[in-house]
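Good morning, colleagues. Please have the sequence and the structure open before you while I take you through a few of the features.

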Amino acid sequence: MSPIAYIAAIVALTVILFVSNKLPVVLVAMMTALALWASGVLTIEQALGGFGDPAVIFIASLFVISAGLEITGVTAWAGQLLIRGAGKESRTRLLVLTMGLVALLTALISVNGAVAALLPVVVVIAVRLKRFSSQLLMPLVFAAHAGSKLALTGSPVNVLVSDAGYDAGVGAFGFFEFGLVGLPLLAGTVAIIILFGRHLLPERNGAAMPADFSRHAKTLVEQYGLESGIHQMRVRATSAYVGAPASSIDLSGTANLQLVAVQDGETGGPLHRADIAEGDYVLVRGDNDAVARLAADTHLAFREKTGSSSGEDMLFNRRSGLAEVVIPPRSGLIGRKVFPGMVTESGDLIVLAVQRGGNQIGDAEGGGGRSGGTTLQAGDTMLLQGTWKALDVHLDDPDVLVVSSPELVRRQAVPMGPGAWQAIVVLIAMVLLLATGIVPPAVAGLLAAGAMILAGIMTVEQTYRAIGWTTVILVGAMMPLSTAMVETGAAKLMAEQLVDLVGDAGPVALLAGLFVMTAVLGQLISNTATALIIIPIGVAAATTMGVSPRPVLMSTSVAAAAAFLTPIATPTNLMVMGPGGYAFSDYWKLGLPLLMWFFVVSVFVVPLIWRF
């Protein structure tokens, strides 16, 4: 068999395997790369060379940036702004704000990151405003597809076509150059959804809705009886506690008072210093009169706003949070004695309360006080408090089961948390580097990802988990297919056949033919994989016709984003299928008019901006 015949067989088999969905897409992509080597079409260096491509490195770095913005609560802050601005009555305003926000986020952190960040927010909005989630989630995803054309960072496909333009000798696309088609795409998408979405989308909710953690702190505080009687007092310079160890505070002989914790004034976590200093905080639980007497006797100052707080703000804020853990069978903690206010062995977490069977364990049962303590049993639950970092690090312990991940809770419930401004600065710096072209995109992405780690926003382990390895491996393994199609002449052969098919109709007909090819494949397999197949064909066709590849590449980019007709077209389409309660046939009803609009922009608007 000739190399072109091998490539035709490999492409056909790859598409069949992608469509059948019987094997993981990562495995199919790797098999494609290995098949190119086994058939002798490429050398082993060429077959695996995609994993070292700068575009793959840049795509991986975008996942890290996206996770950094989510971890620090920037996306939660954006979601809260959305809830406040949407109101309760106006469907149009809600849709416009939702689609505008997801498009903006997509332009900066990619489709997958933006939809993943806003999906729980939009579901919560649907619940709170008593709207069907199916009326909101598909518009969210389809607007993200349109928003992916606002900037270079919006989609891996943008990076691929930009690199292809550079390789073809016509220059890479600028960072915001995609916005010239992205803005009309987004405007048309918003208009179509507002005008026809109500009638083309079903009215139902998903069977499994994501949890809403926006009121998580209040729920825990109420469940453990901490909603009242918690007082946080600052240690004054004249207090007798200054210079004394935390263990010297003994309230066991004081009626109606219980020491909860001594907190570091700077970190808000348990005190690690040997002695108490001015500015540290003493948390006590008791009635107002007893606390007032303690404050007067020991020179403690109440918080500036109020002498007593609900407990929620003091225990759950930007610096520190709460976590509920269950003692599992065979835990090493069974038989240990704990008491409220106790600092765990790590020195970073405080035990606030212990419950058994949903009931608080009190002194009458031999627990609750520092003198006796509570002997832990399997099934007991503890409420722990500490800094968010301490909760993340120390709750990864087989001796406890965490009820709700502190990381997930923080992402939803703590807008603009620790490191938020640093994350925003890193994002802005990356955008400036990309927009000015001072350094290659891969370098800008690596610098931004490294800055996230150096600033303490993410650990190295978190960056590993943040990267969407399926996408990264898919791109890296499929890139050699493009190389093979160019080197063997397969791309040129297909391009010549396409040119012969359109005949004398001109380059506009070429764009129409490429759009149909890209859109059809894009409904069945990954739009990234589709772009990798179509890009070399488009460049070769443009060369054969003697026209510039730039409009062809941009048109292909738009066509690859038009993945509307099936849930398997993109991961985000599939991501909302469950929460939105969608069936397979629901996608094409709204997707078809959007596909027609993308066709108009791809075939008729693109040539007006990038001339042949």
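The expected span of a helix is 1.5 Å times one less than its number of residues. With that in mind, please note that this is a predicted model, and turn to helix α23, residues 549–561. Its 13 residues reach 19 Å from the first C-alpha to the last, close to the expected 18 Å. Helix α23 is mostly covered, with 13 of its 13 residues buried. At its N-terminal end, S548 acts as a cap: a side-chain oxygen lies 3.2 Å from the backbone nitrogen of R550.

I turn next to the sheet. Four strands form an open sheet in the order β2-β3-β1-β4, with antiparallel pairing. Strands β2 and β4 stand at the edges with a single partner strand each, so one side of each has no neighbour in the sheet. On average, neighbouring strands are turned by 35 degrees against each other, direction ignored. Strands β1 and β4 pair over three bridges, and V235 has L300 in β4 as its bridge partner.

Finally, the charged pairs. How many salt bridges does a search of the whole structure find? The search finds six. In one of them, D586 meets R204 at 2.7 Å, N to O. D586 lies in helix α26 and R204 in the loop between α10 and α11, so the pair ties together parts that are 382 residues apart in sequence. D586 is buried, at 4% relative accessible area, whereas R204 is partly exposed, at 31%. In addition, D264, R273 and D280 are linked in a network of salt bridges; the closest N and O atoms of D264 and R273 are 3.7 Å apart.

Note on methods: Residues numbered from 1 in each chain as written. Predicted model: local features only at pLDDT ≥ 70, side-chain atom pairs only at ≥ 80, totals over all residues. Heavy atoms only, no water. Helix = DSSP H or I, 4+ residues; strand = E, 2+ residues; numbered from the N terminus. Buried < 20%, exposed > 50% of the residue type's maximum accessible area, 1.4 Å probe, protein only. Polar contact = N/O pair within 3.5 Å; in protein donor to acceptor, adjacent residues only side chain to side chain. Pairing = 2+ DSSP bridges. Axes fitted to C-alpha atoms, helices over the stretch in contact; angles between N-to-C directions. Salt bridge = Lys/Arg side-chain N within 4 Å of Asp/Glu carboxyl O.
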